[in-house]
Amino acid sequence: MKKIMVMIADDHSLIREGLKQLLEFDGSIEVVAEASNGIECLEKLNSFYPDVLLLDINMPEKNGIEVLREMKAENSPVKVLILTVHNELEYLMNAVDIGVDGYILKDSELAELKRAISAVIDGENYIQPSLIPALNNQLVNRDIEKDKINLLTNRELEVLAQVANGMFNKEIATNLNISERTVKNHISNIFKKIDVSDRTQAAVFAIKNNIIKLY
């Protein structure tokens, strides 16, 4: 049976050495390269061509999320399995959005890590089971917010962005060359559509959904 070629990117040499010994123990996996930072990782990927990259998030030079983003931008065929201490949802969501193949925590059992490696090799995504409920909940909430955004007109999005930037109605009216009354009407409609009751909540909604960056 063909060995699975793995590369390990982690800034702790003891973790790299420990993983190498554990993964190579039964002969089904060969660790072909190691990297201690993001730049070294990207360089070695072009020389060793592993099947799977075990990628830590916290690394110097470039972190794991930045490495993943560059790999996906270059359409790298290497499967990426993030192996991290971070169980916070924002890291997982970030990785999933970029297109990570798998995400597993460092406190996992070796058997689970091997399952994850096998899964991504077979073209499946593998998210550590304990993280899936929170991930699904976040994805559902994001879809709900996306539906709310789709209800807003372009003008309402412009007004919402200015509200989020701390502008008063008079300033918004001047900036958009419309009357204050029209601004008030837009804000009233915005509040109803995104289900908020004041400007602060509207601003939080706009920031969280990157509306400020778009307008």
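User: Happy to be looking at this one with you! Which residue in β2 is the bridge partner of Ile-4?

Analyst: Welcome! Keep in mind that this is a predicted model. Ile-4 has Ile-29 as its bridge partner in β2. That pair belongs to a parallel arrangement: β1 (residues 4-9) and β2 (residues 29-35) are joined by six bridges.

User: How does the chain get from β1 to β2, and what is the handedness of that crossover?

Analyst: Follow the backbone out of β1, through helix α1 (residues 13-24), and into β2. This β-α-β crossover is right-handed.

User: Which strand besides β2 should I look at beside β1, and how many bridges join β1 to that strand?

Analyst: Look at β3 (residues 52-55), which runs parallel to β1 and is joined to it by four bridges. To find your place there, start at Met-7, whose bridge partner in β3 is Leu-53.

User: Why is β1 described as largely enclosed by the rest of the structure?

Analyst: Count its buried residues: five of the six in β1 are buried, so the strand is largely enclosed.

User: Let's turn to helices. How are α7 and α9 packed?

Analyst: In general, a packed pair of helices is described by the angle between the two axes and the distance separating them. Here, α7 (residues 154-164) and α9 (residues 180-194) pack at about 90°, and their axes are 10 Å apart. The two helices are therefore roughly perpendicular.

User: Which residues meet there?

Analyst: From α7 come Arg-155, Glu-156, Val-159, Leu-160 and Val-163; their counterparts in α9 are His-186, Ile-187, Asn-189, Ile-190, Lys-193 and Ile-194. By class, the contact has six nonpolar, two polar and three charged residues.

How values were computed:
Residues are numbered from 1 along each chain as its sequence is written. This is a predicted model: local features need pLDDT of at least 70, side-chain atom pairs count only at pLDDT 80 or more; totals for chains, interfaces and linings use all residues. Side-chain values use heavy atoms; hydrogens and water are left out. Axes are lines fitted to C-alpha atoms, for helices over the stretch in contact, and angles run from 0 to 180 degrees between N-to-C directions. Angles under 35 degrees count as roughly parallel, over 145 as roughly antiparallel, 65 to 115 as roughly perpendicular and the rest as oblique. Contact means heavy atoms within 4.5 Å. Ala, Val, Leu, Ile, Met, Phe, Trp, Tyr, Cys and Pro count as nonpolar, Asp, Glu, Lys and Arg as charged, and the others, Gly among them, as polar. Buried means under 20% relative accessible area, exposed over 50%, partly exposed in between (1.4 Å probe, protein chains only). Two strands pair if DSSP finds at least two bridges between them. A crossover is right-handed if, with the strands pointing away from the viewer, the path from the first strand over the helix to the second runs clockwise.
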